[in-house]
There are 2 protein chains.
Amino acid sequence: MGVEQLDRAFAALADPTRRGLVARLAVSDATVGELAEPYDMSFQAISKHVKVLEEAGLVTRSRDAQRRPVHLRAEALDSMTAWIERYRREAEERYSRLDDLLDRTDPKHTREKDGT
Amino acid sequence: MGVEQLDRAFAALADPTRRGLVARLAVSDATVGELAEPYDMSFQAISKHVKVLEEAGLVTRSRDAQRRPVHLRAEALDSMTAWIERYRREAEERYSRLDDLLDRTDPKHTREKDGT
DNA sequence: CGCTTCTGCAACCATCCGGTTGACAACGAC
DNA sequence: GTCGTTGTCAACCGGATGGTTGCAGAAGCG
């Protein structure tokens, strides 16, 4: 279930409209109607986008009478950065240690380093 | 041009195969052939995936005779975390300050906070 | 009750995406 | 030159995606 969430989370943020929604939601919770206002597309389209964000675990919806305010889940963003940062750090450490250079000049060095 | 790169970067990481490639490349540069080995799909499919990563700015390819080693660009990962972190931080600060609650109970409080 | 508002769901359509196969270009070895 | 290795490009196909429109449901208001 974890990997699928990552899939969906990255896919969700791949769309500029949805990134816009996230940016907006970082400021405050909002209803779908409020979210749709700035955009030139149909209300239903935004509703769909919100659904995608919801299925990605990036937002939740609560009930407040007939309004369903959308709320950004900061922890979901957290797990995305966690994934990225892991490999970014790994790569950067490698560069700084110049193992990179070794690999390129010596192809037989089949990277049997344990990595500590 | 910057936004498009973000689009593509997120879209690129939305695919588990490509995330796998990134994870692998964090360890060391590799040729397309090496990258394809662990996977059960055609060599050309991996080649396509690498191309997607390249167009997203996540990897570069150098020339080494007829081999074209693929290299992970840590800075690209950086710009992704930068985007995410910006809004995550914004949201978390809001939660901790309970402005969130104010917004929900007082809709007229049109968030005229300047933010430091 | 009936009307309006806000919202979600379903059908539809064009496009994109991830995989396949087949052909071909570049380089090294013979 | 011919072959093998490495990799790209092009065509194709099925499924997902992003947009549309239309309709239905729930809550407040007359």
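**View 1. The protein surface near DNA strand C mixes ten polar, seven nonpolar and five charged residues.** This is a predicted model, and here we zoom in on where protein and DNA strand C come together. There are 22 residues around the strand, and those that come nearest are A:Thr31, A:Gly33, B:Met41, B:Ser42 and B:Ala45.

**View 2. Helices from both protein chains line the surface near DNA strand C.** From chain A, look for helix H3 (32-36) and helix H4 (43-55), each with at least two residues in that surface. Chain B brings its own helix H4 (43-55), again with at least two residues. If you pick just one helix to follow, make it H4(B), as its five residues are the most that any gives to this surface.

**View 3. Chain A meets chain B, with 31 residues in contact on either chain.** On the chain A side, at least two residues apiece come from helix H1 (2-13), helix H2 (16-27), helix H5 (74-97) and helix H6 (99-105). H5(A) gives the most, with twelve residues. Sort the chain A side by residue type and you get 18 nonpolar, eleven charged and just two polar.

**View 4. Chains A and B superpose by a rotation of 180°.** The shift along the axis comes to 0.0 Å, and the RMSD of the fit is also 0.0 Å. So the two copies are related as by a two-fold rotation axis. The contact itself fits in here too: 100% of the interface residues of chain A are also interface residues in chain B, so the copies meet through the same surface.

Technical notes:
Residues numbered from 1 in each chain as written. Chains lettered and ligands numbered in written order. Predicted model: local features only at pLDDT ≥ 70, side-chain atom pairs only at ≥ 80, totals over all residues. Contact = placed C-beta atoms within 7 Å. Helix = DSSP H or I, 4+ residues; strand = E, 2+ residues; numbered from the N terminus. Nonpolar A, V, L, I, M, F, W, Y, C, P; charged D, E, K, R; others polar. Least-squares fit on C-alpha atoms with pLDDT ≥ 70 in both. Near = placed C-beta within 6 Å.
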